[in-house]
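User: Hi! I am new to protein models and would like to learn how to read one. Could you take me through this one, feature by feature?

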Amino acid sequence: MKKLIILGLALFTTSQLSSQSCNEYFPLEEGTRWVMETFNHKNKFQTKSVQTVKDTKAVPSGFEGKMVGEIIDDKDKSIGVIDYL
């Protein structure tokens, strides 16, 4: 039983270390975009949110990316823009 627990901890630790050194959840490559659209209860388009990767760099814990987020209304007019890490 003790060997099984140690093996489980070793596998968990190894998978955690390998997952910290990559960017699979959000592909942090310059120019990558995510677009999310919202619709009302009648399925009419309301807004869209666009996030764009502007810059990336490797850090000891994985990757950091500078992002720009923008909200666009149903008339294709920008409501707001924000820069964030």
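**Reading the model step by step**

Analyst: Happy to help! Counting from the N terminus, the elements of the protein follow the order α-β-β-β-β. That gives 1 helix and 4 strands. Please keep in mind that this is a predicted model.

User: Since the model is predicted, where is confidence lowest and where is it highest?

Analyst: Let me start with the general idea. Where pLDDT is low, the predicted coordinates should not be read in detail. Here, the mean pLDDT of the protein is 75, with 68% of the residues at 70 or more. Helix α1 (residues 2-20) has the lowest confidence, a mean of 42, while strand β1 (residues 33-39) has the highest, at 91. Over residues 1-22 the pLDDT stays under 50, and the model has 4 contacts beyond four places in sequence for that stretch.

User: Now the strands. How many bridges join β2 to β3?

Analyst: Strands pair through bridges, and DSSP must find at least two of them before two strands count as a pair. β2 and β3 run antiparallel and are joined by 12 bridges. A hairpin with 2 residues connects β2 to β3. For one facing pair, look at threonine 52, which stands opposite valine 68 in β3.

User: And which residue of β4 is the bridge partner of valine 68?

Analyst: That partner is aspartate 83. So you can follow a path in the model: valine 68 of β3 faces threonine 52, and in β4 its bridge partner is aspartate 83. β3 and strand β4 (residues 78-84) also run antiparallel, with 6 bridges between them. Another facing pair there is glycine 69 and isoleucine 82 of β4. The hairpin of β3 and β4 has 4 residues between the strands, and in that hairpin aspartate 76 takes a positive phi near 65°.

User: How do I read burial, and how many buried residues does β4 have?

Analyst: A residue counts as buried when its relative accessible area is under 20%. In this protein of 85 residues, 16% count as buried. β4 is hardly covered, as the count of buried residues among its 7 residues is 0. For a contrast, take serine 49 in strand β2 (residues 45-59).

User: Why does serine 49 count as buried?

Analyst: Serine 49 counts as buried because its relative accessibility is 10%, which is under the 20% limit. Its surroundings can be listed too: leaving out residues up to four places away in sequence, serine 49 touches Trp34, Val35, Met36, Glu70 and Ile71. In addition, the side chain of serine 49 makes a polar contact with the side chain of glutamine 51, at 2.7 Å.

User: What about charges? How many salt bridges does the structure hold?

Analyst: The idea is to look for a side-chain nitrogen of Lys or Arg within 4 Å of a carboxyl oxygen of Asp or Glu. The structure holds 2 salt bridges. One is formed by glutamate 64 and lysine 57, whose closest N and O atoms are 4.0 Å apart. Glutamate 64 is partly exposed, with a relative accessible area of 35%, and lysine 57 is also partly exposed, at 49%. Aspartate 74 forms a salt bridge with lysine 75, the closest N and O atoms being 3.7 Å apart. Aspartate 74 is partly exposed, at 39%, whereas lysine 75 is exposed, at 67%.

User: Which side chain of opposite charge is nearest to aspartate 73, and how far away is it?

Analyst: Aspartate 73 lies in strand β3 (residues 62-73). The nearest side chain of opposite charge is that of lysine 75, 5.8 Å away, and aspartate 73 is buried yet has no salt bridge.

User: Then which backbone nitrogen atoms does the side chain of aspartate 73 reach?

Analyst: The side chain of aspartate 73 reaches the backbone nitrogen of lysine 75 at 2.9 Å. It also reaches the backbone nitrogen of lysine 77, at 2.8 Å. Setting aside residues up to four places away in sequence, aspartate 73 touches Phe45, Gln46, Thr47 and Ile79.

User: Thanks! I will go back to the model and look for these features myself.

Definitions and conventions: Residues numbered from 1 in each chain as written. Predicted model: local features only at pLDDT ≥ 70, side-chain atom pairs only at ≥ 80, totals over all residues. Heavy atoms only, no water. Buried < 20%, exposed > 50% of the residue type's maximum accessible area, 1.4 Å probe, protein only. Lys, Arg positive; Asp, Glu negative; His and termini not counted. Polar contact = N/O pair within 3.5 Å; in protein donor to acceptor, adjacent residues only side chain to side chain. Contact = heavy atoms within 4.5 Å. pLDDT = per-residue confidence, 0-100.
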